[in-house]
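Reader: I'd like to go through this model with you. Can we start with the DNA side and then look for empty space?
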There are 2 protein chains.
Amino acid sequence: MALEHAILVSLAEQAATGYDLARRFDASIGYFWRASHQQIYKTLARMEADGWVSATIEPREGTADKKTYAITDAGREELTRFSAEPSPREALRSDFAVKLRGLADVAAIVEDTRRRRADHVERLDRYEASAKRHYPDPAAIEEHERGAYLALRGGILSERTGIAWCDEILGQLETRSER
Amino acid sequence: MALEHAILVSLAEQAATGYDLARRFDASIGYFWRASHQQIYKTLARMEADGWVSATIEPREGTADKKTYAITDAGREELTRFSAEPSPREALRSDFAVKLRGLADVAAIVEDTRRRRADHVERLDRYEASAKRHYPDPAAIEEHERGAYLALRGGILSERTGIAWCDEILGQLETRSER
DNA sequence: TAGAACATGTAACCAGTTACATGATTAG
DNA sequence: CTAATCATGTAACTGGTTACATGTTCTA
(Lines give C-alpha, C1' and ligand atoms only; values in the text may rest on other atoms or scores of the structure.)
Protein backbone atom coordinates (compact mmCIF):
# COMPACT_ATOMS: atom_id res chain seq x y z
CA MET A 1 0.00 0.00 0.00
CA ALA A 2 1.77 3.05 -1.27
CA LEU A 3 -0.80 5.83 -0.99
CA GLU A 4 0.69 6.75 2.34
CA HIS A 5 4.12 6.77 0.81
CA ALA A 6 3.04 8.75 -2.20
CA ILE A 7 1.65 11.32 0.23
CA LEU A 8 4.91 11.30 2.18
CA VAL A 9 6.92 11.85 -1.00
CA SER A 10 4.66 14.72 -1.89
CA LEU A 11 4.78 16.30 1.56
CA ALA A 12 8.55 15.86 1.70
CA GLU A 13 8.70 18.19 -1.29
CA GLN A 14 6.20 20.67 0.09
CA ALA A 15 3.67 20.85 2.95
CA ALA A 16 0.06 20.83 1.81
CA THR A 17 -3.62 20.59 2.68
CA GLY A 18 -5.66 17.53 1.76
CA TYR A 19 -7.13 19.59 -1.03
CA ASP A 20 -3.69 20.48 -2.40
CA LEU A 21 -2.69 16.82 -2.30
CA ALA A 22 -5.82 15.83 -4.18
CA ARG A 23 -4.83 18.24 -6.93
CA ARG A 24 -1.27 16.95 -7.00
CA PHE A 25 -2.73 13.48 -7.38
CA ASP A 26 -4.53 14.80 -10.42
CA ALA A 27 -1.22 15.88 -11.90
CA SER A 28 2.45 14.97 -11.33
CA ILE A 29 2.21 12.26 -8.64
CA GLY A 30 -1.05 11.20 -10.23
CA TYR A 31 0.91 10.05 -13.28
CA PHE A 32 1.56 6.88 -11.34
CA TRP A 33 -0.83 6.93 -8.41
CA ARG A 34 -4.47 7.97 -8.48
CA ALA A 35 -6.37 8.93 -5.35
CA SER A 36 -9.67 10.62 -4.59
CA HIS A 37 -9.97 13.40 -2.01
CA GLN A 38 -12.06 11.16 0.26
CA GLN A 39 -9.32 8.64 0.42
CA ILE A 40 -6.64 11.24 0.92
CA TYR A 41 -8.45 12.76 3.91
CA LYS A 42 -8.98 9.35 5.43
CA THR A 43 -5.37 8.40 4.90
CA LEU A 44 -4.05 11.71 6.25
CA ALA A 45 -6.04 11.17 9.45
CA ARG A 46 -4.48 7.75 9.89
CA MET A 47 -1.02 9.06 9.09
CA GLU A 48 -1.40 11.82 11.64
CA ALA A 49 -2.42 9.25 14.24
CA ASP A 50 0.70 7.28 13.30
CA GLY A 51 2.83 10.38 13.71
CA TRP A 52 4.09 10.44 10.13
CA VAL A 53 2.63 13.87 9.45
CA SER A 54 1.67 16.80 11.63
CA ALA A 55 -1.10 19.28 10.94
CA THR A 56 -1.07 23.03 11.43
CA ILE A 57 -4.65 24.05 12.06
CA GLU A 58 -6.11 27.29 10.82
CA PRO A 59 -9.52 27.67 12.48
CA ARG A 60 -12.32 28.89 10.26
CA GLU A 61 -15.76 30.11 11.20
CA GLY A 62 -18.79 28.19 10.05
CA THR A 63 -16.87 25.44 8.31
CA ALA A 64 -14.27 22.76 8.96
CA ASP A 65 -10.80 23.96 9.99
CA LYS A 66 -8.12 24.18 7.36
CA LYS A 67 -5.28 21.74 8.06
CA THR A 68 -1.90 22.05 6.49
CA TYR A 69 0.12 18.86 6.76
CA ALA A 70 3.88 18.55 6.96
CA ILE A 71 6.05 15.45 7.07
CA THR A 72 7.56 14.62 10.47
CA ASP A 73 10.88 12.95 11.26
CA ALA A 74 9.01 9.69 11.81
CA GLY A 75 7.45 10.16 8.38
CA ARG A 76 10.88 10.67 6.83
CA GLU A 77 12.11 7.53 8.55
CA GLU A 78 9.15 5.58 7.23
CA LEU A 79 9.87 6.85 3.74
CA THR A 80 13.45 5.62 4.01
CA ARG A 81 12.28 2.26 5.30
CA PHE A 82 9.78 1.98 2.45
CA SER A 83 12.47 2.93 -0.06
CA ALA A 84 14.77 0.17 1.06
CA GLU A 85 12.07 -2.51 0.87
CA PRO A 86 11.69 -4.41 -2.42
CA SER A 87 8.63 -3.19 -4.30
CA PRO A 88 5.96 -5.73 -5.10
CA ARG A 89 5.30 -6.50 -8.72
CA GLU A 90 2.23 -4.57 -9.85
CA ALA A 91 -0.90 -6.71 -10.01
CA LEU A 92 -1.99 -6.49 -13.60
CA ARG A 93 -5.66 -6.09 -14.16
CA SER A 94 -6.93 -5.07 -17.50
CA ASP A 95 -10.59 -5.13 -18.42
CA PHE A 96 -9.51 -4.31 -21.92
CA ALA A 97 -7.20 -7.32 -22.25
CA VAL A 98 -9.92 -9.59 -20.88
CA LYS A 99 -12.31 -8.19 -23.46
CA LEU A 100 -9.75 -8.50 -26.22
CA ARG A 101 -9.03 -12.06 -25.24
CA GLY A 102 -12.73 -12.87 -25.43
CA LEU A 103 -13.12 -10.96 -28.72
CA ALA A 104 -16.90 -11.21 -28.61
CA ASP A 105 -17.70 -8.02 -30.52
CA VAL A 106 -15.02 -6.93 -32.97
CA ALA A 107 -16.64 -3.61 -33.91
CA ALA A 108 -16.98 -2.60 -30.25
CA ILE A 109 -13.38 -3.53 -29.54
CA VAL A 110 -12.17 -1.53 -32.52
CA GLU A 111 -14.06 1.47 -31.22
CA ASP A 112 -12.73 0.94 -27.73
CA THR A 113 -9.20 0.57 -29.05
CA ARG A 114 -9.49 3.87 -30.92
CA ARG A 115 -10.63 5.59 -27.75
CA ARG A 116 -7.77 4.09 -25.79
CA ARG A 117 -5.32 5.11 -28.46
CA ALA A 118 -6.55 8.72 -28.31
CA ASP A 119 -6.22 8.62 -24.54
CA HIS A 120 -2.65 7.35 -24.76
CA VAL A 121 -1.79 10.06 -27.27
CA GLU A 122 -3.23 12.73 -25.02
CA ARG A 123 -1.27 11.49 -22.02
CA LEU A 124 1.90 11.11 -24.03
CA ASP A 125 1.55 14.71 -25.16
CA ARG A 126 1.13 15.87 -21.59
CA TYR A 127 4.11 13.87 -20.39
CA GLU A 128 6.31 15.03 -23.23
CA ALA A 129 5.30 18.64 -22.70
CA SER A 130 6.10 18.23 -19.01
CA ALA A 131 9.48 16.66 -19.82
CA LYS A 132 10.33 19.44 -22.25
CA ARG A 133 9.35 22.13 -19.78
CA HIS A 134 11.03 20.70 -16.69
CA TYR A 135 14.00 18.90 -18.22
CA PRO A 136 14.86 20.62 -21.51
CA ASP A 137 18.40 19.27 -21.30
CA PRO A 138 18.41 15.63 -20.07
CA ALA A 139 22.18 15.77 -19.69
CA ALA A 140 21.87 18.59 -17.17
CA ILE A 141 19.43 16.99 -14.75
CA GLU A 142 20.17 17.70 -11.14
CA GLU A 143 20.29 14.90 -8.64
CA HIS A 144 17.23 16.00 -6.72
CA GLU A 145 15.08 15.90 -9.86
CA ARG A 146 16.36 12.61 -11.18
CA GLY A 147 13.68 10.46 -9.55
CA ALA A 148 10.87 12.58 -10.93
CA TYR A 149 12.53 12.58 -14.34
CA LEU A 150 12.92 8.81 -14.43
CA ALA A 151 9.34 8.30 -13.28
CA LEU A 152 8.16 10.57 -16.07
CA ARG A 153 10.30 8.63 -18.54
CA GLY A 154 8.48 5.50 -17.42
CA GLY A 155 5.20 7.19 -18.19
CA ILE A 156 6.40 8.26 -21.63
CA LEU A 157 7.69 4.79 -22.53
CA SER A 158 4.51 3.15 -21.36
CA GLU A 159 2.19 5.49 -23.26
CA ARG A 160 4.22 4.91 -26.41
CA THR A 161 3.86 1.19 -25.92
CA GLY A 162 0.14 1.61 -25.39
CA ILE A 163 -0.12 3.40 -28.72
CA ALA A 164 1.93 0.74 -30.48
CA TRP A 165 -0.29 -1.99 -29.07
CA CYS A 166 -3.45 -0.19 -30.16
CA ASP A 167 -1.99 0.23 -33.64
CA GLU A 168 -1.25 -3.46 -33.83
CA ILE A 169 -4.77 -4.33 -32.70
CA LEU A 170 -6.34 -1.88 -35.13
CA GLY A 171 -4.14 -3.14 -37.95
CA GLN A 172 -5.47 -6.65 -37.43
CA LEU A 173 -9.09 -5.89 -36.62
CA GLU A 174 -10.05 -2.74 -38.46
CA THR A 175 -10.46 -4.04 -41.99
CA ARG A 176 -12.42 -7.02 -40.69
CA SER A 177 -14.98 -4.94 -38.88
CA GLU A 178 -15.51 -2.45 -41.67
CA ARG A 179 -16.12 -4.61 -44.65
CA MET B 1 -14.95 -5.31 -12.16
CA ALA B 2 -13.75 -7.82 -14.68
CA LEU B 3 -12.95 -10.90 -12.64
CA GLU B 4 -16.42 -12.18 -13.42
CA HIS B 5 -15.85 -11.48 -17.07
CA ALA B 6 -12.43 -13.04 -17.10
CA ILE B 7 -14.05 -16.16 -15.64
CA LEU B 8 -16.79 -16.03 -18.27
CA VAL B 9 -14.20 -15.76 -21.06
CA SER B 10 -12.37 -18.71 -19.61
CA LEU B 11 -15.51 -20.81 -19.16
CA ALA B 12 -16.70 -19.92 -22.66
CA GLU B 13 -13.58 -21.66 -23.92
CA GLN B 14 -13.91 -24.66 -21.62
CA ALA B 15 -15.96 -25.65 -18.55
CA ALA B 16 -13.91 -25.93 -15.37
CA THR B 17 -13.80 -26.32 -11.61
CA GLY B 18 -12.76 -23.45 -9.37
CA TYR B 19 -9.44 -25.15 -8.99
CA ASP B 20 -8.94 -25.35 -12.76
CA LEU B 21 -9.77 -21.66 -13.06
CA ALA B 22 -7.27 -20.80 -10.36
CA ARG B 23 -4.60 -22.55 -12.38
CA ARG B 24 -5.64 -20.80 -15.58
CA PHE B 25 -5.34 -17.54 -13.67
CA ASP B 26 -1.79 -18.56 -12.91
CA ALA B 27 -1.11 -18.95 -16.62
CA SER B 28 -2.78 -17.68 -19.81
CA ILE B 29 -5.61 -15.52 -18.46
CA GLY B 30 -3.34 -14.64 -15.58
CA TYR B 31 -1.11 -12.74 -17.99
CA PHE B 32 -3.55 -9.88 -17.60
CA TRP B 33 -5.71 -10.74 -14.61
CA ARG B 34 -4.55 -12.23 -11.33
CA ALA B 35 -6.90 -13.94 -8.92
CA SER B 36 -6.52 -16.15 -5.88
CA HIS B 37 -8.53 -19.32 -5.44
CA GLN B 38 -10.43 -17.80 -2.51
CA GLN B 39 -11.64 -15.00 -4.66
CA ILE B 40 -12.51 -17.29 -7.55
CA TYR B 41 -14.69 -19.52 -5.35
CA LYS B 42 -16.45 -16.52 -3.88
CA THR B 43 -17.04 -15.02 -7.31
CA LEU B 44 -18.24 -18.29 -8.80
CA ALA B 45 -20.84 -18.59 -6.04
CA ARG B 46 -22.13 -15.10 -6.85
CA MET B 47 -22.11 -15.81 -10.57
CA GLU B 48 -24.07 -18.98 -10.07
CA ALA B 49 -26.64 -17.04 -8.02
CA ASP B 50 -26.83 -14.55 -10.90
CA GLY B 51 -27.37 -17.37 -13.35
CA TRP B 52 -24.27 -16.66 -15.44
CA VAL B 53 -22.79 -20.08 -14.79
CA SER B 54 -24.23 -23.45 -13.85
CA ALA B 55 -22.52 -26.12 -11.79
CA THR B 56 -22.52 -29.85 -12.34
CA ILE B 57 -22.01 -31.40 -8.94
CA GLU B 58 -20.03 -34.55 -8.40
CA PRO B 59 -20.64 -35.66 -4.81
CA ARG B 60 -17.60 -36.84 -2.90
CA GLU B 61 -17.44 -38.67 0.41
CA GLY B 62 -15.73 -37.03 3.33
CA THR B 63 -14.95 -33.78 1.59
CA ALA B 64 -16.64 -30.93 -0.29
CA ASP B 65 -18.41 -31.80 -3.55
CA LYS B 66 -16.60 -31.22 -6.80
CA LYS B 67 -18.34 -28.58 -8.91
CA THR B 68 -17.71 -28.16 -12.59
CA TYR B 69 -18.91 -24.82 -13.90
CA ALA B 70 -20.14 -24.06 -17.39
CA ILE B 71 -21.21 -20.76 -18.91
CA THR B 72 -24.98 -20.33 -19.40
CA ASP B 73 -26.83 -18.38 -22.08
CA ALA B 74 -27.28 -15.54 -19.61
CA GLY B 75 -23.52 -15.64 -19.05
CA ARG B 76 -22.88 -15.42 -22.76
CA GLU B 77 -25.26 -12.48 -23.00
CA GLU B 78 -23.48 -10.75 -20.15
CA LEU B 79 -20.17 -11.30 -21.91
CA THR B 80 -21.51 -9.67 -25.06
CA ARG B 81 -22.88 -6.76 -23.06
CA PHE B 82 -19.53 -6.35 -21.32
CA SER B 83 -17.72 -6.50 -24.65
CA ALA B 84 -19.75 -3.68 -26.11
CA GLU B 85 -19.21 -1.39 -23.12
CA PRO B 86 -16.20 0.97 -23.22
CA SER B 87 -13.46 -0.31 -20.95
CA PRO B 88 -12.31 1.94 -18.14
CA ARG B 89 -8.78 3.20 -18.26
CA GLU B 90 -6.64 1.10 -15.91
CA ALA B 91 -5.95 2.79 -12.59
CA LEU B 92 -2.20 3.07 -12.44
CA ARG B 93 -0.64 2.30 -9.14
CA SER B 94 3.01 1.72 -8.91
CA ASP B 95 4.83 1.46 -5.61
CA PHE B 96 8.00 1.38 -7.62
CA ALA B 97 7.31 4.67 -9.40
CA VAL B 98 6.44 6.32 -6.09
CA LYS B 99 9.71 5.08 -4.66
CA LEU B 100 11.63 6.17 -7.71
CA ARG B 101 10.05 9.58 -7.58
CA GLY B 102 11.10 9.92 -3.94
CA LEU B 103 14.58 8.56 -4.68
CA ALA B 104 15.43 8.29 -0.99
CA ASP B 105 17.90 5.41 -1.22
CA VAL B 106 19.68 5.09 -4.56
CA ALA B 107 21.43 1.79 -3.78
CA ALA B 108 18.15 0.15 -2.75
CA ILE B 109 16.41 1.39 -5.87
CA VAL B 110 19.19 0.10 -8.08
CA GLU B 111 18.85 -3.29 -6.45
CA ASP B 112 15.08 -3.19 -6.81
CA THR B 113 15.38 -2.16 -10.44
CA ARG B 114 17.68 -5.10 -11.16
CA ARG B 115 15.17 -7.46 -9.60
CA ARG B 116 12.34 -5.96 -11.62
CA ARG B 117 14.38 -6.20 -14.78
CA ALA B 118 15.02 -9.90 -14.17
CA ASP B 119 11.33 -10.41 -13.56
CA HIS B 120 10.44 -8.66 -16.82
CA VAL B 121 12.98 -10.77 -18.70
CA GLU B 122 11.55 -13.94 -17.24
CA ARG B 123 8.02 -12.99 -18.20
CA LEU B 124 9.05 -11.87 -21.64
CA ASP B 125 10.70 -15.24 -22.18
CA ARG B 126 7.54 -17.03 -21.12
CA TYR B 127 5.35 -14.89 -23.35
CA GLU B 128 7.64 -15.27 -26.33
CA ALA B 129 7.87 -19.01 -25.84
CA SER B 130 4.08 -19.14 -25.65
CA ALA B 131 3.75 -17.04 -28.80
CA LYS B 132 6.21 -19.23 -30.67
CA ARG B 133 4.45 -22.40 -29.60
CA HIS B 134 0.87 -21.29 -30.22
CA TYR B 135 1.32 -18.90 -33.12
CA PRO B 136 4.45 -19.93 -35.01
CA ASP B 137 3.17 -18.17 -38.14
CA PRO B 138 1.53 -14.83 -37.23
CA ALA B 139 0.20 -14.54 -40.78
CA ALA B 140 -1.78 -17.73 -40.35
CA ILE B 141 -3.66 -16.91 -37.17
CA GLU B 142 -7.23 -18.10 -37.13
CA GLU B 143 -10.01 -15.74 -36.18
CA HIS B 144 -10.90 -17.56 -32.98
CA GLU B 145 -7.34 -17.21 -31.68
CA ARG B 146 -6.84 -13.60 -32.67
CA GLY B 147 -7.95 -12.12 -29.35
CA ALA B 148 -5.65 -14.33 -27.33
CA TYR B 149 -2.82 -13.56 -29.73
CA LEU B 150 -3.32 -9.80 -29.50
CA ALA B 151 -3.55 -9.96 -25.72
CA LEU B 152 -0.27 -11.87 -25.63
CA ARG B 153 1.29 -9.28 -27.95
CA GLY B 154 0.28 -6.64 -25.42
CA GLY B 155 2.10 -8.60 -22.75
CA ILE B 156 5.22 -8.90 -24.90
CA LEU B 157 5.29 -5.20 -25.75
CA SER B 158 4.78 -4.20 -22.15
CA GLU B 159 7.52 -6.48 -20.79
CA ARG B 160 9.94 -5.12 -23.38
CA THR B 161 9.07 -1.61 -22.30
CA GLY B 162 9.58 -2.59 -18.68
CA ILE B 163 13.06 -3.81 -19.52
CA ALA B 164 13.86 -0.65 -21.46
CA TRP B 165 12.73 1.49 -18.53
CA CYS B 166 14.84 -0.48 -16.07
CA ASP B 167 17.84 -0.12 -18.36
CA GLU B 168 17.34 3.61 -18.52
CA ILE B 169 17.08 3.82 -14.72
CA LEU B 170 20.13 1.64 -14.21
CA GLY B 171 22.10 3.63 -16.79
CA GLN B 172 21.49 6.78 -14.81
CA LEU B 173 21.74 5.46 -11.27
CA GLU B 174 24.17 2.55 -11.33
CA THR B 175 27.50 4.36 -11.55
CA ARG B 176 26.38 6.80 -8.86
CA SER B 177 25.59 4.10 -6.33
CA GLU B 178 28.73 2.06 -6.93
CA ARG B 179 31.48 4.57 -6.79
C1' DT C 1 -24.96 37.22 -8.45
C1' DA C 2 -23.64 33.03 -10.11
C1' DG C 3 -20.32 29.71 -10.75
C1' DA C 4 -15.69 28.09 -10.06
C1' DA C 5 -12.28 27.08 -6.87
C1' DC C 6 -11.14 26.26 -2.10
C1' DA C 7 -11.81 23.22 1.72
C1' DT C 8 -13.27 19.09 4.60
C1' DG C 9 -15.52 15.38 5.66
C1' DT C 10 -19.07 10.75 6.63
C1' DA C 11 -21.32 6.32 5.38
C1' DA C 12 -22.23 2.35 2.85
C1' DC C 13 -20.43 -0.72 0.01
C1' DC C 14 -17.35 -3.79 -2.70
C1' DA C 15 -13.24 -6.16 -4.25
C1' DG C 16 -9.27 -8.19 -3.01
C1' DT C 17 -5.72 -9.97 0.49
C1' DT C 18 -4.19 -12.81 4.24
C1' DA C 19 -4.71 -16.27 7.39
C1' DC C 20 -6.90 -20.34 8.56
C1' DA C 21 -8.88 -24.93 7.65
C1' DT C 22 -9.96 -29.55 5.67
C1' DG C 23 -9.52 -33.74 3.20
C1' DA C 24 -8.79 -37.15 -1.06
C1' DT C 25 -5.90 -38.95 -4.60
C1' DT C 26 -1.79 -39.86 -7.10
C1' DA C 27 3.12 -40.46 -8.05
C1' DG C 28 7.73 -41.37 -6.45
C1' DC D 1 5.16 -43.24 3.54
C1' DT D 2 5.49 -38.77 2.01
C1' DA D 3 4.98 -34.97 -0.87
C1' DA D 4 2.64 -32.95 -4.61
C1' DT D 5 -1.58 -32.22 -6.72
C1' DC D 6 -6.47 -32.03 -6.68
C1' DA D 7 -10.29 -29.79 -4.52
C1' DT D 8 -13.20 -26.47 -1.67
C1' DG D 9 -14.07 -23.36 1.37
C1' DT D 10 -14.65 -19.49 5.82
C1' DA D 11 -13.38 -15.25 8.41
C1' DA D 12 -11.29 -11.03 9.34
C1' DC D 13 -9.48 -7.23 7.47
C1' DT D 14 -8.06 -3.43 4.38
C1' DG D 15 -7.97 -0.38 0.64
C1' DG D 16 -10.61 1.92 -2.55
C1' DT D 17 -15.10 3.58 -4.79
C1' DT D 18 -19.49 5.88 -4.86
C1' DA D 19 -22.81 8.64 -3.02
C1' DC D 20 -23.90 12.10 0.07
C1' DA D 21 -23.09 16.43 2.63
C1' DT D 22 -21.60 21.25 3.82
C1' DG D 23 -19.86 25.78 3.72
C1' DT D 24 -16.47 29.83 2.21
C1' DT D 25 -14.04 32.83 -0.85
C1' DC D 26 -12.83 34.66 -5.08
C1' DT D 27 -13.60 36.08 -9.86
C1' DA D 28 -16.16 37.28 -14.03
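Reader: How far is a phosphate oxygen of DNA strand D from a polar backbone atom of G18(B)?
Author: This is a predicted model. In it, the distance between that backbone atom of G18(B) and a phosphate oxygen of DNA strand D is 3.4 Å.
Reader: Which elements give two or more residues to the surface near DNA strand D?
Author: From chain A, α3 (37-49). From chain B, α2 (18-24), α3 (37-50) and β2 (66-71).
Reader: What about K66(B), how far is an N or O atom in its side chain from a phosphate oxygen of the strand?
Author: For K66(B), 2.6 Å. K67(B) also has a polar side-chain atom 2.6 Å from a phosphate oxygen of DNA strand D.
Reader: Which residues come nearest to strand D?
Author: There are 24 residues around DNA strand D, and the nearest are Q38(A), Q39(A), Y41(B), K66(B) and K67(B).
Reader: How does that surface divide into nonpolar, polar and charged?
Author: The surface near DNA strand D has 10 charged, 8 polar and 6 nonpolar residues.
Reader: And on the DNA side, what share is sugar or phosphate?
Author: Sugar or phosphate accounts for 68% of the strand D atoms within 4 Å of the protein. Bases supply the rest.
Reader: New topic. How many cavities of 30 Å³ or more?
Author: The count is 1. The largest cavity holds about 30 Å³ of space.
Reader: Which residues line it?
Author: The lining of the largest cavity is D26(A), A27(A), G30(A), Y31(A), R34(A), R123(A), R126(A) and Y127(A). By type, 4 are charged, 3 nonpolar and 1 polar.
Reader: Which domains does the lining draw on?
Author: Domain 1 (3-84) and domain 2 (95-178) of chain A each give at least three residues to the lining of the largest cavity.

Terms used:
Residues numbered from 1 in each chain as written. Chains lettered and ligands numbered in written order. Predicted model: local features only at pLDDT ≥ 70, side-chain atom pairs only at ≥ 80, totals over all residues. Heavy atoms only, no water. 1 Å grid on protein atoms, 1.4 Å probe; cavity = no way out; pocket = protein on both sides within 12 Å on 5 of 7 lines; lining within 4 Å. Points joined across faces, edges and corners; volume = space filled by probe spheres on them. Nonpolar A, V, L, I, M, F, W, Y, C, P; charged D, E, K, R; others polar. Domains from an automatic or database assignment. Near = heavy atom within 4 Å. Polar contact = N/O pair within 3.5 Å; in protein donor to acceptor, adjacent residues only side chain to side chain. Helix = DSSP H or I, 4+ residues; strand = E, 2+ residues; numbered from the N terminus.
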